[in-house]
Amino acid sequence: MVFDNLMFSGQLRKVIIKNYIAQAQIGVYEHEKNKVQKVRFNVDLYVRKAPGIPREFSEVYNYDLVPQAIEKTIARGHFDLQETLIGEIARELLKDQEVAALRIRSEKLEVYPNAESAGIEEFFVQDDSQRPKEC
């Protein structure tokens, strides 16, 4: 059985956004420069939890912030690399001190005719949020 080591402390909760599809201007090749492509995102956020069992919406992380961060980042324009795109999404999400860490996967869905997707996955921690991502 696989365990999330970050969960062992009991101080974090995992928020999951699975298979979020967005239209993004992405790609380094010339034929990708002037079109949008479907991109699938999977995001696991490790958020700090307050003591006790939450009873109010204000006591938990607002899941809406994840798709909002994705859409806000995509709206900035064309990204050559998926690595840059997810780095910028992570930077946006890590502005919230409630987020201790996150794992994000980005998959372009229309790249190869014989493959479902082509993508990358990366893990970010709160301490990395202020450093610029190099791709």
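## A strand on the inside

Let's start in the middle of things, with strand β2, which covers residues 37-48. Of its 12 residues, 10 are buried, so β2 is largely enclosed by the rest of the structure. "Buried" here means that a residue has under 20% relative accessible area. Keep in mind that what you are looking at is a predicted model.

So who are the neighbours of β2? Strand β1, made of residues 12-24, is joined to β2 by 11 bridges, and the two run antiparallel. If you want a spot to look at, find I17, which stands opposite V43 in β2. Strand β3, residues 99-108, also pairs with β2 in the antiparallel sense, this time over nine bridges. A handy marker for that pairing is F41, with S106 of β3 standing opposite.

## The whole sheet

Now zoom out a little. The sheet is an open one with four strands, lined up in the order β1-β2-β3-β4, and the pairing is antiparallel. At the edges sit β1 and β4 (118-125), each of which pairs on one side only. On average, neighbouring strands of this sheet are turned by 10° against each other, if you ignore direction.

That leaves the link between β3 and β4. These two strands run antiparallel as well, with eight bridges joining them. To find the pairing in the structure, pick out A101, whose bridge partner in β4 is V125.

## A helix against the sheet

Next comes helix α1, built from residues 65-74. This helix packs on the sheet and touches β1 and β2. Its direction makes about 35° with that of β1.

## Stepping back

Taken as a whole, the protein has two helices and four strands. Follow the sequence from start to end and you meet them in the pattern β-β-α-α-β-β. In other words, both helices come between β2 and β3 along the sequence, while in the sheet β2 and β3 pair with each other.

What share of the contacts in the protein with a separation of 6 or more comes from residues 24 or more positions apart? The figure is 65%.

As for inside versus outside, the protein has 135 residues, and 37% of them count as buried. Its accessible surface comes to about 8500 Å². Carbon and sulfur atoms account for 50% of that surface.

Methods. Residues numbered from 1 in each chain as written. Predicted model: local features only at pLDDT ≥ 70, side-chain atom pairs only at ≥ 80, totals over all residues. Heavy atoms only, no water. Buried < 20%, exposed > 50% of the residue type's maximum accessible area, 1.4 Å probe, protein only. Pairing = 2+ DSSP bridges. Axes fitted to C-alpha atoms, helices over the stretch in contact; angles between N-to-C directions. Contact = heavy atoms within 4.5 Å. Areas by Shrake-Rupley, 256 points an atom, 1.4 Å probe, with all protein chains shown as cover.
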